[in-house]
Amino acid sequence: MTSGAKAGQSFARLFRASPAPFLILEPDAPRFTIAEVNDAYLAATMRTREDVIGRGVFEAYPDNPDDPIVEGVRTLRASLEHVLASKKPDTLPGLKYDIARPDGTFEARWWSPVNSPVLDDNGEVEAIIHNANDVTEQYRAEAALRESESHLANELRHTTVLRDLAARLVTEESGSAIHGEILSAAMAITKSDGGTVQVYDPKTRSLVLLVTQGMPREMTDSFHRVDAASTTACGIALMTGQRAFVDFDQNETDEACRMHVEAGYRSAQATPLLSRDRSPVGMINTHWRASG
């Protein structure tokens with residue numbers, strides 16, 4: 001075996017063993033036949049060498065048919081064609097290109113591909129090296145961070161509103177003037193369809209209705225005074241000192257639950273208002289026309 005052949009075999013072994021995922025593509029646009037693939041690329045894409053060698057890259061790695069915004073094939077094809085025309089590398093940061101699993105379903109993936117031309121002695125493109133690093137976990141971590149930051153910002157759009165209302169409740173002579181604003185803020189924060197604010201009457205150990213929004217008259221008349229020791233969401237919230245949730249279905253037999261269903265409500269929550277010594281002060285309830 002000549003030294004050149006040995007060097008070629010050595011390079012082939014190094015190429016296949018490289019931890020970076022690579023494809024070698026023929027410059028036969030628009031097919032871009034896969035001439036070679038290394039083990040890292042096969043592992044990243046859950047394929048075998050026999051599956052992909054000799055096939056066009058878009059035949060071997062098609063778009064996800066269930067993706068409403070299929071950009072993978074179109075974007076990669078444009079990049080490869082640009083490399084052919086310019087004879088210069090092209091980078092595609094953050095490319096979403098889903099990969100078919102062995103069972104035929106697709107897995108969402110994000111990549112950071114670099115397509116580089118290999119030029120012959122005449123300066124023509126004789127192959128394209130496609131290096132695609134899987135950045136899915138990084139993308140998901142960044143997306144989770146953005147969502148967390150957005151959630152924190154919203155909680156701070158919300159904390160300011162409630163703080164300002166609390167300050168007014170303390171400083172104004174009559175808090176009753178802002179009960180409606182408190183309820184409006186609670187409904188906006190929880191994106192609910194109806195709500196009530198109740199005050200706790202220690203003499204009768206009941207919750208007395210102060211203000212209501214979005215609730216039918218027959219419900220507010222019925223719930224004008226609620227036994228604080230009842231098994232309703234309000235009673236449970238006061239007993240535990242924790243927010244209580246309840247879902248209603250079409251087959252409710254409890255009168256209060258059935259009244260919610262008949263009024264079109266499918267879920268509700270009760271948030272107890274407690275003093276610093278954890279004794280009950282009142283209750284904010286919000287109701288939704290959707291379950292959950």
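## Strands, cores and a cavity

Strand 9 (residues 194-201) and strand 14 run antiparallel to each other and pair over 6 bridges. Keep in mind that this is a predicted model. Let's stay with strand 14 for a moment, then move on to the cores and the cavity.

**Around strand 14**
- Strand 14 covers residues 280-288, and 7 of its 9 residues are buried.
- On the strand 9 pairing, look for Q198: its bridge partner in strand 14 is M283.
- Strand 14 also pairs with strand 13 (residues 267-274), again in the antiparallel sense, this time over 8 bridges.
- If you want to spot one pair there, A268 stands opposite H287 of strand 14.
- Strands 13 and 14 form a hairpin with 5 residues between them, and R278 has a positive phi near 70° there.

**The nonpolar cores**
- The largest nonpolar core has 25 residues, and those touching the most other members are L23, I34, V57, F58, Y61, L80 and Y97.
- At least two core residues come from each of strand 1 (22-25), strand 2 (34-37), helix 2, helix 4 (57-60), helix 5 (72-86) and strand 8.
- Helix 5 is the top contributor to this core, with 4 residues.
- There's also a second, separate core of 17 residues, with M219, A237, M259 and A270 among them.
- Back to L23: its contacts beyond four places in sequence include I34, Y41, V57, Y61 and H130.

**The largest cavity**
- The largest cavity has a volume of about 110 Å³.
- Its lining includes Y41, V57, Y61, Y97, W111 and H130.
- Helix 2 (39-45), strand 7 (110-119) and strand 8 (125-134) each give two or more residues to that lining.
- What kinds of residues make up the lining of the largest cavity? They are 10 nonpolar and 2 polar, with no charged ones.

Definitions and conventions: Residues are numbered from 1 along each chain as its sequence is written. This is a predicted model: local features need pLDDT of at least 70, side-chain atom pairs count only at pLDDT 80 or more; totals for chains, interfaces and linings use all residues. Side-chain values use heavy atoms; hydrogens and water are left out. On a 1 Å grid over the protein atoms alone, a cavity is a set of points where a 1.4 Å probe fits but cannot get out, and a pocket is an open set with protein on both sides within 12 Å along at least five of seven lines; lining residues have an atom within 4 Å of a point. Grid points are joined across faces, edges and corners, and a volume is the space filled by probe spheres set on the points. Ala, Val, Leu, Ile, Met, Phe, Trp, Tyr, Cys and Pro count as nonpolar, Asp, Glu, Lys and Arg as charged, and the others, Gly among them, as polar. A nonpolar core is a set of buried Ala, Val, Leu, Ile, Met, Phe, Trp, Tyr and Cys residues joined through side-chain atoms within 4.5 Å. Buried means under 20% relative accessible area, exposed over 50%, partly exposed in between (1.4 Å probe, protein chains only). Contact means heavy atoms within 4.5 Å. Two strands pair if DSSP finds at least two bridges between them.
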